[in-house]
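User: I would like to go through this model and ask, point by point, what the terms used for it rest on.

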Amino acid sequence: MKVLRSINITIRRREHVPRIFELLIPVCSAVVGLVVCALIFLLQGIDPIYAYSEIYRYSLGGPIQVSNVIRVMIPLILCATGLILVFRAGVWNIGAEGQILIGAIVATGVALFVLQGNTNSALFIFSMITLGFIFGGLWALIPAILKAKLDVNEIITTLMMNYIAAYILQYLVYGPWKGKKTFGFPITDEIPPQAHFPLIPGTLIHIPTLILAICSIVFVFFVMTQTTLGYEIKVFGSNPDAAKYAGISKTKVILITMFISGGLAGVAGAGEIGGVHHRLIYNPWSISANYGFTAIIVAFLARLNPIGIIPAAFLMAILIVGTRALQITFNLPVGVINVFNGSILITMVSMEFFRHYRIVIRRSE
Amino acid sequence: MCENYEVAVLMKNITKRFHNIVANDRITFDVKVGEIHALLGENGAGKTTLMNILFGHYRPDEGEIYVYGRKVKISCPRDAIKLGIMMIHQHPLLVENLSVLENIALLYGIHDSLGLLLSPRKLRDKLTDMIEKYNLKIDLDAKVWQLSASQKQQVELLKALVYDSKILILDEPTSILTPIEKEWLFSFIRKMKRDGKSVIFITHKLEEAISISDRITVLRRGRVVGTLNSSETSVQELARLMIGEEGLRNERIVSIQKRADGDLDNKRIVLEVSDLSVLDDRGSPAVRGVSFEVYEGEIFGIIGVSGNGQTELVEAITGLRKVQKGRIRIDSQDVTNRGPRYIQSLGVAHIPEHRIKHGIVSELSVAENLVLKVYRKPPFCKGPYLNSKEISRWARELISEFSIVTPNEKIPVGQLSGGNIQRVIVAREVSMKPKLLIAAYPTHGLDIAATRFVREILKSEKDRGCAVLLVSNDIDEVLELCDRIAVMYEGRILKIISAEEATKEKIGLLMSGVDTIEGAQIDQHYH
Amino acid sequence: MSIEATIVSILRSIIYISTPILLATLGEIYAERSGVLNLGIEGIMSMGAVCAFIITFTTGNPLLGVLISLIVGAILAFIHAFVSASLNANQVVSGLALAMFGLGLSSTIGQRYVGEVLRNYLKPVPVPVLSQIPIIGPAFFVQDIIVYMSYVLVVVLWFILFKTRWGLYIRAVGENPYTADAMGVNVIFVRYVCVILGGALAGLGGAYITLAYMPTWIEGITMGKGWIAIALVILAMWDPLKGFLATYFFCGVMVVAIRVQVFGANPYIINSIPYIATIIVMILGASETLRRRIGAPAALCKPFIREERAL
């Protein structure tokens with residue numbers, strides 16, 4: 001009789017998931033993302049080590065650069081904390097990009113047209129942020145209501161609404177809101193100086209939004225661990241059937257989380273207007289700057305845990321600031337960061353497999 | 001070719017472990033050609049696991065399988081089917097959205113080459129012949145989801161016929177059947193035996209095993225405890241083997257226990273259901289004009305073959321499903337079509353039918369699961385804030401009170417065993433001190449200790465004065481626990497009988513739609 | 001312009017806009033029928049578009065461009081198939097990642113070609129006889145090879161899905177992979193094939209954009225067509241024939257709206273029509289599924305995990 005020896009590989013579900021994966025997955029994903037990008041750089045004839053050293057130089061090379069990174073972290077944190085809430089509730093809000101734009105539009109509108117002639121800076125800042133929050137939230141409520149009431153897939157609707165928001169912005173800057181002092185350029189007038197958000201001296205970091213960003217982390221952490229709402233979000237997100245059985249309202253969870261998430265993205269948008277651009281410009285994506293999509297990665301890198309938001313946002317902000325520099329140095333498009341984003345996300349979801357399964361290799365006859 | 005062998009299947013020293021649980025422990029089992037062999041055991045004894053190994057769903061960790069004397073390796077069901085083995089599962093292996101014909105064509109390439117195109121004339125002719133020959137009632141072009149449970153079973157039988165399977169495995173085939181359908185199935189099985197086929201019949205019902213089989217193999221906790229000739233054994237002997245001496249003794253004590261006297265006149269009505277009609281997921285009537293009352297301090301049983309509207313009835317009462325017609329009152333308050341939260345607030349607890357799907361959130365901790373119904377009540381929350389300290393304290397209390405086996409209250413509840421998950425649910429529901437406790441199949445799939453535990457809890461709730469609505473398909477359970485028993489059939493309550501006048505036979509007949517008292521058959525028709 | 005010529009030109013613009021969306025929709029129908037949602041279509045299309053452009057630009061042979069778009073689409077979809085069918089990962093995240101990756105990579109490798117124009121793009125080839133039919137002929141049968149492929153694919157893919165055993169396997173896998181597996185259908189393999197086919201078709205759709213529709217390369221040339229395709233799959237009720245009707249109807253409404261200037265000449269409102277329309281389609285599709293739950297593959301987005309399995 002012929003005896004064949006072979007190696008038998010089976011995949012088994014882990015009974016207990018090692019906690020180390022909570023750290024391992026984000027770190028490995030980031031490394032893979034960097035390696036893939038390095039390959040892309042090579043493909044383009046760019047020395048990856050030189051490219052990364054340039055990224056480092058432009059993002060962490062000095063206090064100005066670091067303050068730039070922090071400035072980029074603000075919208076990322078605001079959006080990502082909101083996304084943690086919705087993702088924990090099992091709702092896929094892919095529309096933070098558009099919600100940022102709505103916040104930016106509303107903030108500009110308020111500063112330019114509603115509070116005209118007012119001199120109280122605090123009033124400007126307060127109303128820009130508040131209305132940015134409310135309208136960003138309302139914008140997110142549209143897909144939320146469609147999902148809660150009609151079971152319409154929110155992934156596609158939130159995505160589509162990004163484009164709609166962008167066209168609304170373009171319509172405004174090319175049409176009714178086109179500036180009177182802009183020599184015909186499709187941009188709005190600059191908002192009055194009293195509407196500019198105060199900066200940390202010597203940097204470009206806008207203070208009100210920075211504070212709100214930090215507050216949002218604390219807020220989401222608090223909501224998820226200390227409140228009945230957070231409990232309901234966790235139950236609904238993990239098992240909607242059990243949530244129904246326990247009498248938790250699906251509509252309430254979806255609407256509240258989406259409103260807060262959209263609202264925080266709206267605040268980020270208001271911050272970009274009040275703290276960075278001071279006006280709307282014809283290219284909507286240069287205002288939202290992919291922050292809404294990058295925030296998805298920040299939220300996942302943080303493993304939907306508010307505590308992880310700061311390191312995750314820091315890493316992504318470095319890359320954003322760094323690759324902006326690459327555009328100039330190596331003539332690379334803005335889109336290059338999406339290669340990193342994509343590969344980091346794919347690695348992250350793939351590694352979930354190894355979190356849940358282990359591979360058993362044994363010899364068999 | 002099979003005439004040369006007397007033994008159709010031999011499974012030798014089969015061991016199968018899931019994680020650290022040994023589901024099959026060195027089992028040796030054989031089936032002869034032309035034999036009906038019952039595989040008897042309690043839920044969780046390892047019967048289905050063993051047959052899933054034979055059918056290729058699982059691979060044994062150790063042991064060998066011989067089919068007609070030849071050693072075989074079965075790595076997927078398709079291999080098994082090629083060897084002439086067919087398993088009829090409790091949950092039929094059918095694609096709901098395909099037609100009967102398409103479902104059968106999925107496999108058809110094994111013996112006959114079908115070609116690339118689906119030109120099922122040849123297949124259709126063959127199937128039509130089979131349907132006529134064996135008197136099946138199936139429309140080949142119907143989508144599977146349109147069929148009743150027993151029709152789906154017939155489709156699976158039809159598959160076995162069309163592939164000319166020589167070894168047929170039936171997994172608890174009678175649990176979804178009425179007695180009349182059961183008779184039909186038994187005669188079908190005997191016909192297969194006459195044709196020289198071997199049948200393996202998985203069951204936990206003792207009488208059934210004796211009446212249909214030639215030999216019986218009894219499994220207990222993953223081990224074979226005996227193989228007997230059906231003609232030489234008795235229900236008592238089988239029960240002793242199946243449950244073990246110790247289990248049986250306790251069983252007697254339980255059954256001797258006196259029931260509380262059932263004078264309902266002085267008692268308060270807690271749940272009143274009148275003329276209730278409810279639709280199922282597909283929009284066809286599931287509950288048709290049901291009326292009954294449940295009093296404080298009684299256990300009211302609803303028994304019937306699964307799928308006769310019990311699930312929808314419970315969901316309507318607990319607010320999980322829309323009521324189409326009729327009224328539900330709890331403590332004389334109208335709760336028809338009120339949400340689950342409102343109904344809970346009136347003191348209604350619910351042990352759900354699907355405990356993993358509805359009853360718990362596997363990823364959340366034991367403590368978090370224990371407050372699923374009370375987290376929004378003080379002291380577990382103060383306004384919008386949770387009081388985690390109080391939640392942990394409460395959880396530890398319940399864990400010890402209800403002897404839930406868990407390292408601590410912080411681990412995810414999904415890591416507990418099935419029996420302990422049910423303890424978590426029962427603890428949560430009972431600790432609400434409900435006025436009305438609705439328990440749907442609360443002991444289904446539990447081991448003896450957990451079953452006994454749940455039944456004791458139901459009794460003590462009744463003694464406390466709670467109204468208990470028990471939905472079950474286990475006649476023994478209902479007879480043991482209930483004061484009054486309602487039999488549900490095709491969405492209606494056929495009769496409500498008191499415990500004194502209830503007998504197994506009477507309930508069994510009612511479950512199949514036959515009312516013996518009137519001497520008339522309420523519904524002769526079956527599919 | 002005569003009325004006849006106007007109708008022909010309107011029909012031709014509908015075909016221009018429809019073809020890439022139709023190809024992506026057909027591919028996505030197959031992926032979803034097998035139970036895999038591929039949200040990466042936009043990225044795959046973009047990669048198909050840029051690779052087809054670069055190859056055609058450097059070799060001067062548009063057919064090579066077509067070929068490379070199919071290959072690139074298949075490779076990218078393979079990643080998604082591996083991650084979602086073999087690693088059981090979250091298909092939404094994986095698809096989104098692929099969309100980002102494809103968009104990012106296409107803009108990176110296309111950077112050098114921005115603004116270049118193809119001289120050898122795909123030229124229309126009239127079909128003998130058929131092109132002589134008035135109106136229909138010049139509209140539908142004086143087209144390039146990719147358009148003809150889309151016509152053929154509609155019928156062939158429909159036939160395979162509903163009239164052959166392969167199609168039966170695909171539908172079974174998307175409905176109930178566990179049963180299909182038990183019946184000996186290789187679930188993972190079927191999912192790979194469907195997802196890769198879907199990716200190849202999305203890549204081809206991308207190639208149509210740069211090789212026929214607009215023979216140039218700019219970043220974001222796909223303009224959300226991939227996302228629209230995903231929404232149209234729902235309107236098509238996962239049926240290639242209905243997919244054809246849905247796409248042409250959808251694009252027809254858009255083209256007519258632009259031509260007739262329903263919304264005046266405001267380009268921003270017109271540009272947002274596809275996105276608004278997609279949401280409306282989703283709402284209609286949702287209420288449709290509410291009415292009769294049957295239609296969507298039951299196992300869509302659900303990973304297939306056997307109790308235990310061997311590699």
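User: How do the residues of the lining of the second largest pocket divide into nonpolar, polar and charged?
Analyst: In this predicted model, the lining divides into 23 nonpolar, 18 polar and 4 charged residues. Gly counts as polar in this division, so C:Gly220, one of the residues nearest the centre of the pocket, falls in the polar class, whereas C:Glu219, also among those nearest the centre, is charged because Glu belongs to that class.

User: What makes a residue part of that lining, and which elements give two or more residues to the lining?
Analyst: A lining residue has an atom within 4 Å of a point of the pocket, and 45 residues line the second largest pocket, which holds about 1300 Å³ of space. The elements that give two or more residues to this lining are α6, α11, α12, α13 and α14 of chain A together with α2 and α4 of chain C, and the largest share, 7 residues, comes from α4(C).

User: What does "buried" mean for chain B, and what share of its residues count as buried?
Analyst: A residue is called buried when its relative accessible area is under 20%, and 57% of the 527 residues of chain B count as buried. The accessible surface of chain B comes to about 22400 Å², with 49% belonging to carbon and sulfur atoms.

User: What is the predictor's confidence in chain C and in the complex?
Analyst: On a scale from 0 to 100, the mean pLDDT of chain C is 87, and 93% of its residues reach 70 or more; the complex is given an ipTM of 0.84 and a pTM of 0.84. Where pLDDT is low, predicted coordinates should not be read in detail.

Notes:
Residues are numbered from 1 along each chain as its sequence is written. Chains are lettered from A and ligands numbered from 1 in the order in which they are written. This is a predicted model: local features need pLDDT of at least 70, side-chain atom pairs count only at pLDDT 80 or more; totals for chains, interfaces and linings use all residues. Side-chain values use heavy atoms; hydrogens and water are left out. On a 1 Å grid over the protein atoms alone, a cavity is a set of points where a 1.4 Å probe fits but cannot get out, and a pocket is an open set with protein on both sides within 12 Å along at least five of seven lines; lining residues have an atom within 4 Å of a point. Grid points are joined across faces, edges and corners, and a volume is the space filled by probe spheres set on the points. Helices (H or I, at least four residues) and strands (E, at least two) are DSSP runs, numbered from the N terminus. Buried means under 20% relative accessible area, exposed over 50%, partly exposed in between (1.4 Å probe, protein chains only). Accessible areas come from the Shrake-Rupley method with a 1.4 Å probe; for residues, only the protein chains shown count as cover.
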